[in-house]
Amino acid sequence: MKQLLTQTRSFPPAARLLMVNQFAINLAFSMLMPYLAAHLAGDLALAAWAVGLVLGVRNLSQQGMFLIGGTLADRFGYKAPIMAGCLLRTVGFALLGWADGLPALLVASAATGLAGALFNPAVRAYLAAEAGPRRVAAFATFNVYYQAGMLLGPVVGLGLLAVDFRAVCTAAAVIFAGLTVLQARALPPRHAPTPEGGGSGAVGGPAAPAGTLSVWGQWRQVVSHRPFLLFAAAMTGSYVLTFQVYLVLPLAAQGALGEDGTKVTSGLFVLSAAVAVAGQLRLTGWATRRLTSHRALVAGCAATGAAYVPLAVTPVTSRAGMPVALLLSVAALAAAGALVYPFEMDTIVSLCGNRLVATHYGLYNTVTGLGITVGNLALGALWDAVGTSAPWLVWTVLAATGAGCAAALAALAHGGHLTPAGPAAAERPEGERSAA
């Protein structure tokens, strides 16, 4: 905790506010969302297809609108989308608690997803601009706050459920309302650098986020950026792997342990966040002292795949071995993700030359989100086909995916496709990486 506080204080006030902001965002989100499906199916007695529709609309509206959110942030500054997203979450979460009809629930779900698409790219672009050459350290610290919110949220939500689900939604909405007021009063305006590289987008600076580019011009510039698109494609597999804590790993726990699988699944979520909170700064500090950014990414993606090896060698029928294998795999996944995240975020800024950063983050999230969807469909089908007879095949495919991602990143780095472009190259020269 002392290291975290010292590290946090080393950043400018706006960066510190964004970190606390993200903790509160994730706290409110994770105190509500894990219990939403049970509320819809139980309290409101919705059919399974309707529950899936409500949850799917939230994910679709967020993933599908990330590019829009990033574009708005680059054109009009980072503060407005952050505030708009927090305000929209206030309305959406309040409506989720008090609505009982499917149309209103769909509107609420879409609002919560759109809110994330608005503030996520803007927050990351703002943090990157504030941190300057200390981006890796800033994103490492940011991820600690991010994961801490995910760790505490379900516990707080469970306590509020003792009252009822409306109490959970009301508390979450109040948190977002408070964040909206806090951003309005304490977060300074900040705009993106011009596409010509002029200006720094300084706090309170003139609103020239996209220069003379039209929206289509912004998008053409981003989608024609081949190294960035190759990097996003290479990283997509790692997102599929880390997302399996929500899909294949719970299925494995349920299949091997029956009703006890639910308890183990809850423990997996807690363990994942706890490992990230406890190990993030140490892992990033170690990596910045010993590895280049590219090697850290390769090592992290390889470790993400290797995390599935304990499951591949453990019989699915072993009631004693499966919980241990699941815990080992989730802990390894969390550590690998903590290693990758700050270097991943920094690489995106470097690749885009510190221009249209939020738009790049938006498209990146859309690409990886689509990859998660396709990957989940494929893995779900594979699990249905062989999950009970040959589960080792699923784990082997996942491990091979991690190895493939690592190999793709290594090839991109070797070919010079991950070399920083433009102003970012001067900001963070090789050999001058800040330790977290």
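Helices here are DSSP runs of H or I of at least four residues, and strands are runs of E of at least two, both numbered from the N terminus. By that rule, leucine 72 sits in helix α4 (residues 48-76). The model is predicted, so local features need pLDDT of at least 70 and side-chain atom pairs pLDDT 80 or more, while totals for chains, interfaces and linings use all residues. Residues are numbered from 1 along each chain as its sequence is written, and side-chain values use heavy atoms, without hydrogens and water.

**Three single residues**

Residues are called buried under 20% relative accessible area, exposed over 50%, and partly exposed in between (1.4 Å probe, protein chains only).

| Residue | Place | Relative accessible area | Class |
|---|---|---|---|
| Leucine 72 | helix α4 (residues 48-76) | 33% | partly exposed |
| Glycine 85 | helix α5 (residues 79-98) | 0% | buried |
| Proline 133 | loop between α6 (102-131) and α7 (135-161) | 44% | partly exposed |

Glycine 85 and threonine 180 are 95 residues apart along the chain, and their C-alpha atoms are separated by 8.5 Å. For proline 133 and aspartate 346, the sequence separation is 213 residues and the C-alpha to C-alpha distance 9.4 Å.

**Nonpolar surface patch**

Leucine 72 also belongs to a nonpolar surface patch of about 320 Å², together with Met65, Ile68 and Phe76. Such a patch joins nonpolar side chains (Val, Leu, Ile, Met, Phe, Trp, Tyr) within 5 Å, from residues with over 30% relative accessible area and no salt bridge; a salt bridge is a side-chain nitrogen of Lys or Arg within 4 Å of a carboxyl oxygen of Asp or Glu. Areas come from the Shrake-Rupley method with a 1.4 Å probe.

**Second largest pocket**

A pocket is an open set of points on a 1 Å grid where a 1.4 Å probe fits, with protein on both sides within 12 Å along at least five of seven lines; lining residues have an atom within 4 Å of a point. The second largest pocket holds about 310 Å³ of space. It has 14 lining residues, of which Met1, Leu4, Val144, Val277 and Ala278 are the closest to its centre. At least two lining residues come from each of α1 (2-9), α7 and α12 (260-290), and α7 gives the largest share, five residues. By class, the lining has 12 nonpolar, one polar and one charged residues.

**Helix α11**

Helix α11 (residues 248-257) is mostly covered, with seven of its 10 residues buried. These are Val248, Leu249, Pro250, Ala252, Ala253, Ala256 and Leu257. Just after α11, glycine 258 has a positive phi of about 65 degrees.

Technical notes
Grid points are joined across faces, edges and corners, and a volume is the space filled by probe spheres set on the points. Ala, Val, Leu, Ile, Met, Phe, Trp, Tyr, Cys and Pro count as nonpolar, Asp, Glu, Lys and Arg as charged, and the others, Gly among them, as polar. Patches are made of residues with over 30% relative accessible area and no salt bridge: like charges are joined within 9 Å, nonpolar side chains (Val, Leu, Ile, Met, Phe, Trp, Tyr) within 5 Å.
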